[in-house]
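Dear colleague,

I am handing over the structure we spoke of, and below it you will find what came out of a first reading. Please keep it open beside the text as you go.

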Amino acid sequence: PVLRVRRRGAQALHFVRAAPPPGTRVLLSLDWQRRFDHMQQHSGQHLITAIADQMFGFKTTSWELGRQRSVIELDTPSMTAEQVEALERSVNEKIRERIPVTVRELAADDPEVETVRSRGLPDDHAGPVRVVSIEGVDDNMCCGTHVSNLSDLQVIKLLGTEKGKKNKMNLVFLAGNRVLKSIEQSHSTEKALTSLLKNGPGEHVEAVKRLQSSVKLLQKNNLNLLRDMAVLIARDFKSKPVQSELFVLHRKEGDSEFMNIIANEIGTEETLLFLTVGDEKEAGLFLLAGPLEAVEKLGPRVAELLEGKGAGKRGRFQGKATKMSRRGEVQTLLEEFISQQSPEA
């Protein structure tokens, strides 16, 4: 496997896992599917760049060949949806015209080199200058691989723009087989949503909006129930004739507000509270509340046992934990602390 290729002057350096003995003859086996994909995206970029410049005067300052989608950086602070649509229409018209794409090599001192679109030659350039031409559309210096005719691009889809850096816009696009793959993925998603939502593709958005509204209402109702539950839990504890010096509670579906309501209702002047919410064995939230000196001393130790982080002030130490399975160890620590503070001890 060739891991990467880098140019050094006129040489192409191939990086492999182990060096073959000097003088070894090797046979290169090309990954044609990957190569043809790169050819489609690269030639597509040349075409989009040329037409964007001709139609709107938008210069290309860089581009990125991504694994799933590609991006052209245009030197413009904005690009309207109408411009994107017109550009897409124009580049696909060129594809339908089946325009040839050719490669020429010019001497570095050939006057024609100065007329070719380019960002400049590398400082270590050696040998002839390679020019890729889309007949009647564009001439551009390039060392990359390209299709031999625009018809090989099949189709180009512009996915829209994203805010770039320094008042520039990033134009996202797919070319050739990537468009087909994108349609296939979208269709599979559409079929899955049709099965889940029990309606046609045209109704998916409205169905999801209704579900989101229902979820928000349920979350609101659940939050109100948790608040009421927190108050009842605290009142039940306070109603007992003899109150324990330690109160420990875990509630999987709770949140930080749930824990703080309990702490507020019980009061922490005399009682040490250890409250946790979330997954019983993995990540969650914790709250240690009680006498100021006790919390200041025990808080960091509790966070350490739960393999989490937290902070405290005014008799409360709370934070996030990654090992809720160690709640038992924390409870043992707190029980030992209380027993050591007891006058009988």
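A residue is called buried here when its relative accessible area is under 20%, exposed when that value is over 50%, and partly exposed in between. Please bear in mind throughout that this is a predicted model.

That cut-off matters at once for Glu-88, which at 19% relative accessibility counts as buried because the limit is 20%. The side chain of Glu-88 meets that of Lys-157 in a salt bridge, with 3.4 Å from N to O. Since Glu-88 belongs to helix H2 (residues 81-96) and Lys-157 to strand S8 (residues 156-163), the pair ties together parts that are 69 residues apart in sequence. Lys-157, for its part, has a relative accessibility of 35% and therefore counts as partly exposed.

A search of the whole structure finds 14 salt bridges, and a few others deserve a look. One of them joins the side chains of Arg-178 and Asp-37, at 2.7 Å from N to O. Arg-178 lies in helix H3 and Asp-37 in helix H1, so this pair ties together parts that are 141 residues apart in sequence. Both partners are buried, Arg-178 at 8% relative accessibility and Asp-37 with a relative accessible area of 17%.

The salt bridge between the side chains of Glu-304 and Arg-301 (3.5 Å, N to O) lies within a single helix, H6 (residues 292-305), where the two residues are three apart and thus separated by about one helical turn. Here Glu-304 is exposed, at 53% relative accessibility, while Arg-301 is partly exposed, at 36%. There is also a network of salt bridges, which links Arg-104, Glu-112 and Asp-139.

Arg-178 and Asp-37 come up again in the second largest pocket, since both are among the residues that line it. This pocket has a volume of about 300 Å³, and the elements that give two or more residues to its lining are helix H1 (32-56) and helix H3. Other lining residues include Gln-33, Arg-34, His-38, Lys-181 and Gln-185. By character, the lining divides into two nonpolar, five polar and five charged residues.

Turning to helix H4 (residues 204-239), you will find 36 residues that reach 52 Å from the first C-alpha to the last, close to the 52 Å expected at 1.5 Å a residue. Which residues of H4 are buried? They are His-204, Ala-207, Leu-226, Ala-230, Val-231, Ile-233, Ala-234 and Phe-237. What covers these buried residues includes helix H3 (177-197), strand S10 (246-251) and helix H5 (256-266).

Finally, Thr-76 sits in the loop between strand S4 (70-74) and helix H2, and with 6% relative accessibility it counts as buried. Leaving aside residues up to four places away in sequence, Thr-76 touches Phe-58, Asn-167, Lys-168 and Met-169. The C-alpha atom of Thr-76 is separated by 35 Å from that of Lys-209, a residue 133 places away along the chain.

With kind regards

Definitions and conventions: Residues are numbered from 1 along each chain as its sequence is written. This is a predicted model: local features need pLDDT of at least 70, side-chain atom pairs count only at pLDDT 80 or more; totals for chains, interfaces and linings use all residues. Side-chain values use heavy atoms; hydrogens and water are left out. Helices (H or I, at least four residues) and strands (E, at least two) are DSSP runs, numbered from the N terminus. The expected span of a helix is 1.5 Å times one less than its number of residues. Buried means under 20% relative accessible area, exposed over 50%, partly exposed in between (1.4 Å probe, protein chains only). Contact means heavy atoms within 4.5 Å. On a 1 Å grid over the protein atoms alone, a cavity is a set of points where a 1.4 Å probe fits but cannot get out, and a pocket is an open set with protein on both sides within 12 Å along at least five of seven lines; lining residues have an atom within 4 Å of a point. Grid points are joined across faces, edges and corners, and a volume is the space filled by probe spheres set on the points. Ala, Val, Leu, Ile, Met, Phe, Trp, Tyr, Cys and Pro count as nonpolar, Asp, Glu, Lys and Arg as charged, and the others, Gly among them, as polar. A salt bridge is a side-chain nitrogen of Lys or Arg within 4 Å of a carboxyl oxygen of Asp or Glu.
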